[in-house]
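Me: Please take a close look at one part of this structure and explain what surrounds it. Then go on from there to the rest of the chain, in plain terms.

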Amino acid sequence: MSLVSKGCGSLGCWEEERNALLKIKAAFNHPNGSSLPSWRNGNSDCCGWEGVKCDNTTSRVTELCLRAPQFWALELLPPRVIDASFFLPLEELQVLDLSESFISDLNGTLPSKNLEVLDLSSNNLVNDVLIDIARITSLKALVIRHCGLNASKFLEGLCRSRNLEVLDIGDNGFWGPLPSCLWNMTSLRVLDVRNNNFSGAIPSSLLYNLKSLEYIVFSGNAFEGSLSLASLGNNSNLAVFHLVDNRNRLEVNTEEPTWYPSFQLKMFGLSNCVLNKDKNGVIPSFLKEQHGLTNLQFSHSGMTGNFPNWLLVNNVNLTRLNLKGNNLSGAFDLPSNLNLVSMERFDVSTNVIEGELPPWIGSILPNLICANLSNNLLEGKIPPSMGYIKLLQRLDLSNNNFSGEIPETLTKNCMSLSTLKLSSNNLEGQMLPRYTNLRSLAWLHLDNNRFTGDISSGLLNSSMLMVLDLSNNFLFGTLPNWIGDLEILSGLMLSGNFLQGPLPSSFCHIKLERLDLSSNNLGPNIPSFAHVMLMKYLHLANDSLAGHFPEFLSGASSIVTLDLRYNALSGEIPRWIGSLMDLKVLLLQGNNFEGSIPPDICQLKYMSMLDLSNNNLFGKIPSCLKDLTFGEYGKKSFPRNYNKDRCLVKYWELNDYKVRFNFTYCYSYVDAYVIDLLEEVNFRTKRRLESYKGNILKLMSGMDLSQNKLTGLIPSEFGYLSELLALNLSHNHLMGPIPETFSYLKNVESLDLSHNNLTGLIPPQLIELYALSDFSVANNNLSGRTPDQKNQFGTFSEANYEGNPLLCGPPLKSCDGTNPKPGTLPSFNHTREDDSWTKSFLWSFAGSYVVAFFGVVLFLYINSHYRYVLFELVCKLIPSFPRF
């Protein structure tokens, strides 16, 4: 929050105030001396200086703004300790803005006679910086947002400021329950405590006592218990109430039978809570009496019932409506004469709304900018009237049951459309109509539909295209040569079609970051990419590729994901693989790679998922694989603040001043359109193929070396891969014991060591693996007792241990304590190659036996002498044998 006043003129300034301002400049100046250039001795009229406002009559300084220039935020300046006495000569100072000025402490006391507004937001303050703030009895507005404060003692001192009308302590680290002293601040009109760690209940008595409140924000905390909105019944001036992102710990009841709201809200937000638990999430009935709403956010609250069409009819001035993530059903029964000309953003995604969209929806919402109706049960055709919404920038109709073709009016008239997402419907025909004029289009998602034909040349008019996803359709032909004209295309997803190679030469002109051509027929040759140094995510799985490991990838210095699964690639994994220092996901499953695992892989320090399964790799497992982090995916690749909220800037009147604040109903530009966050990886764990995307992908880690010819011992160092979630070493020729260090794999969820030649005991310490849900040591040569059936091991069945003849104990047969009989040999288990050899031996033995038998019979038949001798011998050995 920052502070500005209404404009005013000036006749000059007082000398002592001018001198004081020069001292203040020296304290706040940038190290290079570039700050406040208009503040200089040669300019005596300080009332005309930057950031200074004076009274028209007295020429005394009344407002001072020392907010750092915006570009300073990109620098890391040392914290400042400011001498507050510099401000004392400014006796008529009413507004002081010190936000974003790298202040850590204020020594001394600020002017206390007339100061009404103090803004210290976005500094890194010490907790006792404002311990005596209550001494400034004239103070009406205090803004200390995003200052790193967390001491409750500070808040208790703050509560003594009984004249405060505006209190903003958002985005700090305050924790525990709300201070009880807030009950006494009865002059408060604005209370903003968003994005702290406040917990416990929001006492209804707090809201009941503070009857002057007009603006309340409790969002982004950890409140729990229950809250009745009936406590707001007497707040007749209430215009804004926001309680969003509360971690689903708070029950909110709006259906008290004895209350009737005396207010008319302008903005109301409630999300991530349990709404009207005793009423099965019924839509708040008090909203039926609200007729002046401009912003309404009611997302992720378990709200049930039919879609509240009456909300739109009663509040024709709505600009933003967000009902995302509830259980609303029914249809959009909107009257054709309804005209919501103010509506800009409309989000009812992730509900169970059904039926068809009204044919006149485009005339109802003529000025819509962003519309999200995804993840519902909508069906029928997309209404052509959508094309009448000429200001439309984002349209998301994905994950519904829409059918038919994309209306030509939409692609012809909506020239402002930057995002079109129609994924996962039943749309068919050409992917885009013949005449397409989407000149502003940046993100186009048409994946998982039934589009046929080739890739539409209408995309040539979309020169701003950055992301194109046409995966899982029925497109055929080759990639058109004009694809290279899309110069800023950075994400191209065409997997799961019937496209054929070769790739056009112009393809090398595109500076792609993400490319997915999996499950087409592009082989056998592997295309090379001129701008491979810029590529981060490359998926060429199941493309009938042959030959050796692609040599051109040695220059892919930025590669993060490399997916070459299920091709016919052969030869050795090259040693230069270790030079791809950003590589986090390497998927080579289902090829014909041979040789040993190169130790150079151990140089990939950011590795998160490694899949070398189902190849012909042999030799020992490099123990240096323990040096791979297998930790959080994307520590380097995902910037923290990629998704910035675009918020409304509103003004709150405070006497002659305006307090500017960022209202919490922000519409986020969906971060799924950032290339990094589009990445999706398939990895086999817990005996099934799982898909990982977004935040889940960041958390996944695993290593799969199964179905190879690896020999030797399992490296005991693997036990120190503490962040590993999945480890599969099955179907190899590994021998020796299971390392006891595996008990350190505290996060492992899936551990498969089956179909090897492992011997010895199963380490009993493994019962300490509390996260383990899938475990197998079947078909080895293990002996002794199975681990105690405690914790997760109490859930494993006989199938997890079968094929180990010397293993006993639950869930196998009980152990009797005796040793095996002398001479008893263990029956060795074999891999798939051993089994094949055994079968060949048995067949050849059986064949030889049959040939020998018939050979003897034939010999006896021909030679009567030996036939007589054999007959007499049998009669002597078997007296009862009959003679003829």
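Reply: **One helix and its surroundings**

Helix H1 takes in residues 15-28, which makes 14 residues. From its first C-alpha to its last, H1 reaches 20 Å, close to the 20 Å expected at 1.5 Å a residue. The expected span is 1.5 Å times one less than the number of residues. Helices (H or I, at least four residues) and strands (E, at least two) are DSSP runs, numbered from the N terminus.

The model is predicted, so local features need pLDDT of at least 70 and side-chain atom pairs count only at pLDDT 80 or more, while totals for chains, interfaces and linings use all residues. Residues are numbered from 1 along each chain as its sequence is written, and side-chain values use heavy atoms, with hydrogens and water left out.

Which residues of H1 are buried? They are Glu17, Arg18, Ala20, Leu21, Leu22, Ile24, Lys25 and Phe28. Buried means under 20% relative accessible area, exposed means over 50%, and partly exposed lies in between (1.4 Å probe, protein chains only). An α-helix has 3.6 residues a turn, so residues three or four places apart point the same way. The buried residues of H1 pack against four strands: E2 (52-54), E3 (61-65), E4 (80-83) and E6 (103-107).

Two of these strands lead to another detail. Ser59 sits in the loop between E2 and E3. Its phi is near 60 degrees, a positive value in a residue other than glycine. Ser59 is counted as buried because its relative accessible area is 8%.

**The chain as a whole**

The protein chain contains 10 helices and 59 strands. It has 884 residues, and 52% of them count as buried. A contact means heavy atoms within 4.5 Å. Among contacts between residues at least 6 apart in sequence, 58% join residues at least 24 apart. The accessible surface comes to about 39000 Å², and carbon and sulfur atoms account for 52% of it. Accessible areas come from the Shrake-Rupley method with a 1.4 Å probe.

**Other loops and a strand**

Asn375 also has a positive phi without being a glycine, here about 55 degrees. Asn375 is found in the loop between strand E26 (370-372) and strand E27 (377-381). With a relative accessible area of 33%, Asn375 is partly exposed.

Two peptide bonds are cis. One joins Gly501 and Pro502, with omega about 0 degrees. Pro502 has its place in the loop between strand E37 (498-500) and strand E38 (514-516). The other runs from Gly523 to Pro524, with omega near 5 degrees. Pro524 belongs to the loop between E38 and strand E39 (537-539).

Some residues lie far along the chain from what they approach in space. Tyr606, in the loop between strand E44 (592-595) and strand E45 (609-611), is 23 residues from Leu583 along the chain, and their C-alpha atoms are separated by 6.6 Å. Tyr606 is partly exposed, at 33% relative accessible area. Glu802 lies in the loop between strand E58 (781-785) and strand E59 (806-808). Glu802 and Ser754 are 48 residues apart in sequence and 9.5 Å apart in space, C-alpha to C-alpha. Apart from neighbours within four places in sequence, Glu802 is in contact with Ala778 and Asn779. Glu802 is partly exposed, with a relative accessible area of 42%.

Asn728 is part of strand E53 (residues 726-728). Asn728 is counted as buried because its relative accessible area is 17%. Leaving aside neighbours within four places in sequence, Asn728 is in contact with Met703, Asp704, Leu705, Ser706 and Asp752.

**Empty space inside**

The structure holds 4 cavities of 30 Å³ or more. A cavity is a set of points on a 1 Å grid over the protein atoms alone where a 1.4 Å probe fits but cannot get out, and lining residues have an atom within 4 Å of a point. Grid points are joined across faces, edges and corners, and a volume is the space filled by probe spheres set on the points.

The largest cavity holds about 50 Å³ of space. Its lining consists of Phe507, Cys508, Ile510, Leu512, Phe529, Ala530, His531, Val532 and Met535. These divide into 8 nonpolar, 1 polar and no charged. Ala, Val, Leu, Ile, Met, Phe, Trp, Tyr, Cys and Pro count as nonpolar, Asp, Glu, Lys and Arg as charged, and the others, Gly among them, as polar.

The second largest cavity holds about 40 Å³. Phe346, Ile361, Leu365, Leu368, Ala371, Leu373, Met386 and Ile389 line the second largest cavity, and they divide into 8 nonpolar, no polar and no charged.

Key: On a 1 Å grid over the protein atoms alone, a cavity is a set of points where a 1.4 Å probe fits but cannot get out, and a pocket is an open set with protein on both sides within 12 Å along at least five of seven lines; lining residues have an atom within 4 Å of a point.
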